[in-house]
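Visitor: I am new to this structure and would love a close look at a single part of it. Could you pick one spot and walk me through what surrounds it?

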Amino acid sequence: MTHWIDVAGEHQLETGVVHELRYEDCSIAVIKLADGIHAIEDVCTHDYESLGGGLIEGDEIICPRHGARFCIRTGEVTAPPAYEDLRTFPTRVHEGRVQICVDALDD
């Protein structure tokens with residue numbers, strides 16, 4: 001069974017701003033871009049710290065400490081020093097609420 005968690009009202013999310021949340025032992029960054037709402041694991045795979053203070057440029061988030069870059073849509077590393085991709089989570093808007101599917105946490 002698919003497990004969706006509620007994040008916020010659709011109109012509460014600002015475009016280009018990292019909205020951080022915790023679910024169980026996982027930090028998740030929810031980011032609204034021009035093409036929709038995306039969710040990635042909120043941890044730089046280089047130093048295992050939050051990406052929350054990082055800048056958003058286009059569809060990339062930049063780690064605020066060492067400059068590693070990740071694609072917000074796919075979780076792929078786009079610039080070192082990180083080399084491991086981020087986990088991503090499906091998102092949807094259901095009855096005006098942004099939701100994230102957390103089934104990937106069981107993998």
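**A close look around phenylalanine 89**

Guide: Happy to! In this predicted model, let us begin at phenylalanine 89, which touches Cys26, Ile28, Ala39, Ile40, Glu41, Ile100, Cys101, Val102, Ala104 and Leu105, leaving out residues up to four places away in sequence.

Several of those names come back when we turn to the nonpolar cores. The largest nonpolar core has 16 residues, and Phe89 is listed with Ile28, Val30, Ile100 and Val102 as those with the most contacts inside it. The elements that each give two or more residues to this core are β1 (4-9), β2 (18-23), β3 (26-33), β4 and β11 (97-101). Among these, β3 supplies the largest share, with 3 residues. There is also a second, separate core of 14 residues, which includes Ala29, Ile31, Leu33 and Cys44. As general background, nonpolar side chains tend to be buried together in soluble globular proteins.

Now for the strands. An open sheet of 4 strands runs in the order β2-β3-β4-β9, with antiparallel pairing. Its edge strands are β2 and β9 (88-89), each of which pairs on one side only. Our starting residue, phenylalanine 89, therefore belongs to an edge strand, because β9 covers 88-89. Elsewhere in the sheet, β2 and β3 pair in the antiparallel sense over 6 bridges. Here leucine 21 has isoleucine 28, in β3, as its bridge partner, and Ile28 is one of the residues that phenylalanine 89 touches.

A little further along the chain, strand β10 (residues 91-94) is joined to β11 by 4 bridges, and the two run antiparallel. Histidine 94 stands opposite arginine 97 in β11. Together β10 and β11 form a hairpin with 2 residues between them, and glutamate 95 in the turn has a positive phi of about 55°.

For contrast, let us visit a loop. Aspartate 47 sits between β4 (36-41) and β5 (55-57). Is this residue buried or exposed? Aspartate 47 counts as buried because its relative accessibility is 18%, and the cut-off for buried is under 20%. Its side chain makes a polar contact of 2.6 Å with the side chain of arginine 65, and also reaches the backbone nitrogen of glutamate 49 at 3.1 Å. Setting aside neighbours within four places in sequence, aspartate 47 is in contact with Cys63, Arg65 and His66. The C-alpha atoms of aspartate 47 and alanine 82 are separated by 8.1 Å, although the two residues are 35 apart along the chain.

Cysteine 63, in that contact list, leads to a last stop: the cysteines. Why does cysteine 63 not bond to cysteine 44? Cysteine 44 holds the closest cysteine sulfur, but at 3.8 Å that sulfur is too far for a bond, since a disulfide needs the two sulfur atoms within 2.5 Å. Cysteine 63 counts as buried because its relative accessibility is 4%. Cysteine 71 counts as buried too, at 9% relative accessibility. The cysteine sulfur closest to that of cysteine 71 is again in cysteine 44, but 15 Å away, so it is too far for a bond. The count of disulfides comes to 0.

Terms used
Residues numbered from 1 in each chain as written. Predicted model: local features only at pLDDT ≥ 70, side-chain atom pairs only at ≥ 80, totals over all residues. Heavy atoms only, no water. Buried < 20%, exposed > 50% of the residue type's maximum accessible area, 1.4 Å probe, protein only. Contact = heavy atoms within 4.5 Å. Polar contact = N/O pair within 3.5 Å; in protein donor to acceptor, adjacent residues only side chain to side chain. Core = buried A, V, L, I, M, F, W, Y, C linked by side-chain atoms within 4.5 Å. Pairing = 2+ DSSP bridges.
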